[in-house]
Amino acid sequence: MSTTGFNSQNGAGGGQAYANGPSQNPVALQQPPGVGYGMTHQAPYNLMQPKAPMPPGPGLYHSGPYQPVPPVSSYQSSPPVSSYQAPPGQPLLTRPPMGGPLPHTPPQSASPSPGPRMPPAQATPPPPAVSSNSYYPNAQQQQPPMAHAWQYGTAPPPMGAPPPMNTPSGGPVANHVNLPASSTAPPQSSTAYSSPPQGPVSHNATQPPGPGMPPTSLHGYTHPGTAPPPMNPMPPHTYQPGRPPYGPPPTGPPPTMKPAPPPTGPPMGSATPPPPKADGTMAGNGPQTPNTYNHVDNKMAGPPQSGPPGRQLGHYPSLPPGYQNTSAPPSSASPMHPPMPTATQPYTQAPQPYQQPSAGPGPAQLSPSLAALSLQSSTPEALRVVNLLQERNLLPPGPIPAPTPCLPQDLQKINCNPEVFRSTLTSIPQTQSLLNKAKLPLGLLLHPFKDLSQLPVVTSSTIVRCRSCRTYINPFVSFLDQRRWKCNLCYRVNDVPEEFMYNPVSRSYGEPHKRPEVQNATIEFIAPSEYMLRPPQPAVYLFVLDVSHNAVETGYLNMVCQSLLDNINALPGDSRTKIGFITFDSTIHFYNLQEGLSQPQMLIVSDIEDIFLPTPDSLLVNLSECKELVQDLLKSLPNLFEKTMETQSALGPALQAAFKLLSPTGGRMSVFQTQLPNLGVGALKSREDPNQRASAKDIQHLSPATDFYKKLALDCSGQQVAVDLFLLSAQYCDLASLGCISRYSAGSVYYYPSYHHAHNPAQVERFQKDLKRYLTRKIGFEAVMRIRCTKGLSIHTFHGNFFVRSTDLLSLPNVNPDAGFAVQMSIEENLLDMQVVSFQAALLYTSSKGERRIRVHTMCLPVVNSLSDIFAGADVQAITGLLASMAVDRSVSASLSDARDAMTNAAIDSLASYRQSVLTIQQPGLLAPACLRLFPLYILALLKQKAFRTGTSTRLDDRVFAMCQLKYQPLAYLMLMIHPALYRVDDLTDEGALNINERTIPQPRVQQLSVEKLSREGAFLMDAGMVIYLWVGRNCNPNFLTQVLGVPNYTAVPQNLYLLPELDTAESQRTRAFIGWLRDQRPFFPTLHVIRDESQLKANFMQNMIEDRTESALSYYEFLLHLQQQISK
């Protein structure tokens, strides 16, 4: 078994040293067998101690954790002997019969002596004695950490440096900031893309910490019946104002409406500060901070709301054959979000009144406010004990909001929007040992370039930063007086520059703490010239198009050319924008678009072994000067290759040519490919064995077959070129290899399997909508991003599409508003004298108009010293998103089964820690805190997700694309791909509907993903992120068939229906409005498929029924029993 660490880089397989990807300092890539990950402090938490195998039911799971049983028909009419009993009246929607009834508790496997599964406290554990993938290779002997042992929060130890790849020429890389010597980043080596760092990124400064604040308890929980003060969410995407951020639709009114009267009953939210008093101060007995930053109260705070009343509990019978059906928890009438803030206006308006005295302390002088956060007498809702084996209805009726950190209200009010920046733990443990004990991952999820409808932009000749650690001034620094401020990351005291004394908003002097930079957690600066190493580059777009016979056959070329013609005036840019085109089959074709030519001139280079540019000056042309020639070319291109019989594809040489063309300026390369490249450099052979698609054993070929595409991507990154790959193919294309070109150049991958203009109209519609968004969305060029955190914390692994240029500097040749990133963190020094810690992400980029800009996001979180506080602040969705990224890396560096084991053990370990260390009264059952009640469900959903599932036929490219999505998509869009939302839509009403832009959007409640929730009399909509299914029951309400689908009866429903007819009926309008509203919540376009019992896609729909048993995977109930069995050992 491989002992490759989980820190292996984005494309690394089996310990191969790759200098990039989800890694900080690219270290610890070649570990000797048995070396643990990051045994640098105390014995770190080892998430993947080997454990007992999955419960072997009768004839089930005989050789590994998840093994297929002999196939059985999915839905038979014989009486089921399985997890769920179908309700009466639905005899045909029963579960598949299995080998025999399962006992209540799965049989115990051989197990070691009970006790906490912590690794031995030694710097380097001995190598494993047994190499096996079962949880307990040797039942009598406690094993040292195995390769599938995740360790949260510990940085990998520095090992040898990875070999340099494709060394660029020395000298500075264009347009990147050379930070002063006081910066935390080590000096950059010019000999390789990634110089070997000396250890994990730590944010230390020589300045001693400031005066310690009095220690306070940071529980700060509410009494029942109260609710958190509303957060300050940023409005969503500009192209759809007023929508909630993610997930299934909320049940309350829209964000812009006034909140409904709050219902009574115990709160359902997460751990929250005490409610504000009438004067805005915090409840408690300590002195109050003098009305700090209260001037935005009226803009951001709605009335306190409380959640829905306590849910009615179902219970399980003594045997697992069926959950009792219980009534769903009542839906809350309170809105998901408070009214949208209006505080961030352009700074040209009249002065606003401020109530804060100019000499008052800044918000980071926290002791008085935090002293008020003493522990309340009641248990917070987040820690309410839930017995997962008894509570059936765990899904809330609408979207799950991010938990609110336990901060004083004045701080929380200005904290960063969780859609942009959120942490897996909203309460940061004081020490690494406390984090190890909690067995929860610590990391950050970012969506740094997200479209924001309100973004404060500051033009200033002086950008105020800490002289020591280069942190940008932000709302969480403290002003010692008018002339001095203390950095919230390294605690250095800095002088306030003279220019900063003037406030452009209020046009007053002497109030630096009221400047917009200190009032907004997200802000954008227009950077002065010292932030440039060369003049800002123009927007440059190069399109590289496959024109082989296979490509022409799909008809994609017409769509690309037509879309470009339609949107050519909407391409982001200015008068300097450049554009160019390359087409390729077995040769490379360039297009001379020089001004003055009567028509475009095609130049063919057939020597693909030694590629050159036939005329370097006129292949990339100014768009505004040569627009007519460009339009002529786009109109003629589809016809040029109509009759081609060329079947070969020289993608590698075409990419080399495109790189040569873009190198002088940088820019964006958009590559369209429809088959496996088979000519010239980068040629690939098919590695997929279709017979192995459903194998329950390990999946092969998840890592690249060649390093050509990665090396080229690193060259591109060095020259500020990003590559976006559009893959439109019915055959295997080796996305594992091709995807490297985008991953390491900060591009993105779009995948349209089985694309064909005539045979697959749903894909055509999706491609068209995605292209429009791609061509017209905002873009940043020649960008770099750095994430800083308070002294004592360190960042050690990155996830996303980028190249790590130095230990903590991400190179992003392009940055787009749809890209997400994640980082893992550890606690290097105890945070004993700190009340709060801060995190800051700074993104420096060139706008399409040629402005150098810096977008800065700052987040503040409390530090706690008890396990119960850590659990109370756990963000279950963020934890799931980070684990998904970690599991993708593990699949590539070790094996898919390792990754699956690691995810299962993540749930086992965190719930075991909660049971042992937080619960005071031990009770039977599988117990979880309310804030983690969905964690086992999300882990099971990941195990059944296309990226990680086994035993189900999955094309290799489909699997690899799912893995790309898990690493790249922002959390808001990712959660639907992990756990789809199911709604009943044949009885939509206006009750509780949203009203957006004079459209009424119904809000059906979210159903559990189980066949028992389906009814033959109904129609059900499943939103799975990239695709939406509308399942129509055989006995569906005739009214729905006629009024929504426009057909007289069930048999008349077309087999491949992907568009709903626009009928002039209330039912049709409601259904279309709801689907349109779901689609508007994401930047990509999900296809709609109407399916009935005979549809080919019914299997895809049923595979998303996560709570049901399949031939190769456990049901949710069986999974819970397995977790309970492991925890109780």
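Student: Which residues does leucine 1045 touch, not counting residues up to four places away in sequence?

Tutor: The model is a predicted one. In it, leucine 1045 is among the residues with the most contacts inside the largest nonpolar core. With residues up to four places away in sequence set aside, leucine 1045 touches Leu1030, Val1032, Phe1040, Val1053, Leu1057, Leu1060, Pro1061 and Leu1063.

Student: Where does the largest nonpolar core lie with respect to domain 1 and domain 2?

Tutor: This core has 222 residues, and those with the most contacts inside it include Met669, Phe948 and Phe1101. Residues come to it both from domain 1 (540–685 + 702–777) and from domain 2 (980–1105), so the core lies between them.

Student: How many residues has the second, separate core?

Tutor: Among the members of this second core are Ile579, Leu633, Tyr774 and Leu775. It is separate, and its size is 41 residues.

Student: Is strand β25 largely enclosed or not, and why?

Tutor: Buried here means under 20% relative accessible area. On one side of β25 the residues Phe821, Val823, Met825 and Ile827 are buried, and on the other so are Ala822, Gln824 and Ser826. In a regular strand, side chains alternate between the two faces of the sheet. Because 7 of the 7 residues of β25 (residues 821–827) are buried, the strand is largely enclosed by the rest of the structure.

Student: Which residue in β25 is the bridge partner of serine 794?

Tutor: Strand β22 (residues 793–799) pairs with β25 in the antiparallel sense over 6 bridges. In β25, the partner of serine 794 is serine 826.

Student: Which residue in β25 does leucine 444 stand opposite?

Tutor: Strand β5 (residues 443–446) is joined to β25 by 4 bridges, and the two run antiparallel. The residue of β25 opposite leucine 444 is valine 823.

Student: Which are the edge strands of the open sheet β7-β8-β9?

Tutor: The 3 strands of this open sheet follow the order β7-β8-β9 with antiparallel pairing. Strand β8 (residues 484–486) is joined to β9 by 3 bridges, and lysine 486 has valine 493 of β9 as its bridge partner. Two strands pair on one side only, and these edge strands are β7 (478–481) and β9 (493–495).

Student: What percentage of the contacts in the chain with a separation of 6 or more comes from residues 24 or more positions apart?

Tutor: The chain has 22 helices and 34 strands, and 66% of its 1129 residues count as buried. Among contacts with a separation of 6 or more, the share from residues 24 or more positions apart is 80%.

Notes. Residues are numbered from 1 along each chain as its sequence is written. This is a predicted model: local features need pLDDT of at least 70, side-chain atom pairs count only at pLDDT 80 or more; totals for chains, interfaces and linings use all residues. Side-chain values use heavy atoms; hydrogens and water are left out. Two strands pair if DSSP finds at least two bridges between them. A nonpolar core is a set of buried Ala, Val, Leu, Ile, Met, Phe, Trp, Tyr and Cys residues joined through side-chain atoms within 4.5 Å. Buried means under 20% relative accessible area, exposed over 50%, partly exposed in between (1.4 Å probe, protein chains only). Domain bounds come from an automatic or database domain assignment. Contact means heavy atoms within 4.5 Å.
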